[in-house]
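Grab your viewer and let's work through a few exercises. Try each task on your own before you read its solution.

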Amino acid sequence: MKRYFYPYFQLLAVAMLLMTSCGHHPDVPSEASASSELPAIFPDYCNVTVPYNIAPLNFMLPADQYEECVARLTTPDGQQQTYGDGVKVQIPESEWHDMLNASKGKSIKVEVWGKKEGKWLSFSPFEIHVAEHPIDEYLSYRLIEPSYVAWTYMEIDQRNLTSFEEKQIFNNEITMNDRAKGQCINCHSYQNYKTDNMLFHVRLSNAGTVIVNDGKISKVNMKRDYTISGGVYPSWHPTAKLIAFSTNRTRQAFHTLNPNKIEVYDEASDLILYDVATDSVSVISEDPDLLEVYPTWSPDGKYLYYCKSVPLPEELRDKDIRSFYPNIQYNLYRRSFDVASHTFGEEELVYDAASYDKSATLPRISPDGRYLLFAEGQYGCFHIRHNDGDIVCMPLDQIPDTCRAEVSDTCHAKEPPLRLDLSNLNSEGTPDSYPSWSSNGHWIMCASRRDDGNYCRVYFSYFNNGKVEKAFMLPQEDPEQHFYLLKSYNRPEFMVEPVKISVAEFSKVFSD
């Protein structure tokens, strides 16, 4: 498994790995004081629901409070095993998957003991519920410093969720030819969760969009004289070789006192459609006075959903956006799409967030077409940096017709449309954003800064007939990796298969 460290962490990390024994089966303490409390394990896997194919949920007790940890796991059919080495519980993959298979649709009982000041404490047992629905086997993400101020090295990686195998898709070091200018890589995207048709962006040095079309790689420039920029935020059509993009002129601002720390906003943004086969760009929407961003297709490809800002008061329109960015709010819209003619219908308002003093972004439609998932905060389009950022889910058939009207109308419903209870997914007072669905619609993933307010990590929740279970963090072989990996997980995307093209193959497109 690949690891990431700053130089002064390397010796410490190697030492920790050498001391770790994943196959250690200690004895349960013969004497222990009972506690009615659950163990304060990290990550918090107490009473979570997990897919039956997930990697081991390794965890640890706080090293500054405990000297040792022992855990006993028991399956419904009576299989039982103990684990623990120091304060960590690390379970061999083969043993873990045997326990998951024996517990499908049921639960694994977990008992934890912690040694503190030479004495053992027995905590209240908890369960790990094992769902009958699997999760997509692969996940990809960009690893980047959390502030986005500067970077020297960044990469897009893919992780096998059934194990701890992690491989690199691309990194910016291999093709950067102007170090003073730098090179940014971002916005990896896939058609229908598969990787034969995919893309990622390269900006600044060697700029372009790298597109894989039926396994063949090319680098294209989507900038036209009638567009704001090249393609930015993408969404592949589910059946056609078409990609909807926003085109953006994006800026950042850094606060000194505001707890949100960073603002990311657009000075301008439109929507375009890119035809992969013909290398042609057409405009979907380009309102000069409003901002359009984050396109996403419905699973059947018949609608394009997106976000659009509401008109600003006249007195703000000519001012510097930095003086009124908290006034910018986005609603959710859609347009019908005819795949044969590549034409769009009239704009429809789906959800009038601004009428409830909210801003809605990053819409995602569930694979069965029944639910609308999105991120929401009070203002703006980059809620992963806003402490009020949360994930919202609505049944599409429960959104009042008054909220689906033509854009000339407004939503006159007295109360917001029905929302599912996502309290098990969202965190309190810290940013949650970038929601997405697994390919079977039974798992919701989001990016969250809930652990320390700075580093963005990946969380999953089980979704079953509108009920959302307690979120759990992406498992790691060493639970302490979450502390010494000084990178944020950016734009996590589900995949049903790995990217098969190597870093070296991708790099060749920059020299062709």
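## Exercises on a predicted model

**Exercise 1.** Place tryptophan 443 in a strand, then decide: is tryptophan 443 buried or exposed?

*Solution.* Start with the secondary structure: tryptophan 443 sits in strand β29, residues 443-448. This is a predicted model, by the way. Next, take the accessibility: tryptophan 443 has a relative value of 0%, and buried means under 20%, so this residue counts as buried. Now look at its surroundings. A polar atom of the tryptophan 443 side chain is 3.0 Å from the backbone oxygen of proline 134. Finally, check serine 461: 18 residues separate it from tryptophan 443 in sequence, yet their C-alpha atoms are 5.6 Å apart.

**Exercise 2.** Work out the strand order of the open sheet that holds β21, β22, β23 and β24.

*Solution.* Begin at the edges: β21 (292-297) and β24 (343-351) each pair on one side only. Fill in the middle and you get β21-β22-β23-β24, with antiparallel pairing. On average, neighbouring strands here are turned by 25° against each other, ignoring direction. Then zoom in on β22 (residues 303-309) and β23 (residues 330-338), an antiparallel pair joined by 7 bridges. For instance, leucine 304 has arginine 335 in β23 as its bridge partner.

**Exercise 3.** Find the largest cavity and describe its lining.

*Solution.* First, search the whole structure: 1 cavity of 30 Å³ or more turns up. Its space comes to about 90 Å³. Next, list the lining: there are 14 residues, with Val264, Tyr265, Tyr325, Gly380 and Cys381 nearest the centre. Strand β19 (residues 262-275) supplies the largest share, 4 residues. Last, sort by class: 10 nonpolar, 2 polar and 2 charged.

Methods: Residues are numbered from 1 along each chain as its sequence is written. This is a predicted model: local features need pLDDT of at least 70, side-chain atom pairs count only at pLDDT 80 or more; totals for chains, interfaces and linings use all residues. Side-chain values use heavy atoms; hydrogens and water are left out. Two strands pair if DSSP finds at least two bridges between them. Helices (H or I, at least four residues) and strands (E, at least two) are DSSP runs, numbered from the N terminus. Axes are lines fitted to C-alpha atoms, for helices over the stretch in contact, and angles run from 0 to 180 degrees between N-to-C directions. Buried means under 20% relative accessible area, exposed over 50%, partly exposed in between (1.4 Å probe, protein chains only). A polar contact is a pair of N or O atoms within 3.5 Å; within protein, one must be able to donate a hydrogen and the other to accept it, and residues adjacent in sequence count only if both atoms are side-chain atoms. On a 1 Å grid over the protein atoms alone, a cavity is a set of points where a 1.4 Å probe fits but cannot get out, and a pocket is an open set with protein on both sides within 12 Å along at least five of seven lines; lining residues have an atom within 4 Å of a point. Grid points are joined across faces, edges and corners, and a volume is the space filled by probe spheres set on the points. Ala, Val, Leu, Ile, Met, Phe, Trp, Tyr, Cys and Pro count as nonpolar, Asp, Glu, Lys and Arg as charged, and the others, Gly among them, as polar.
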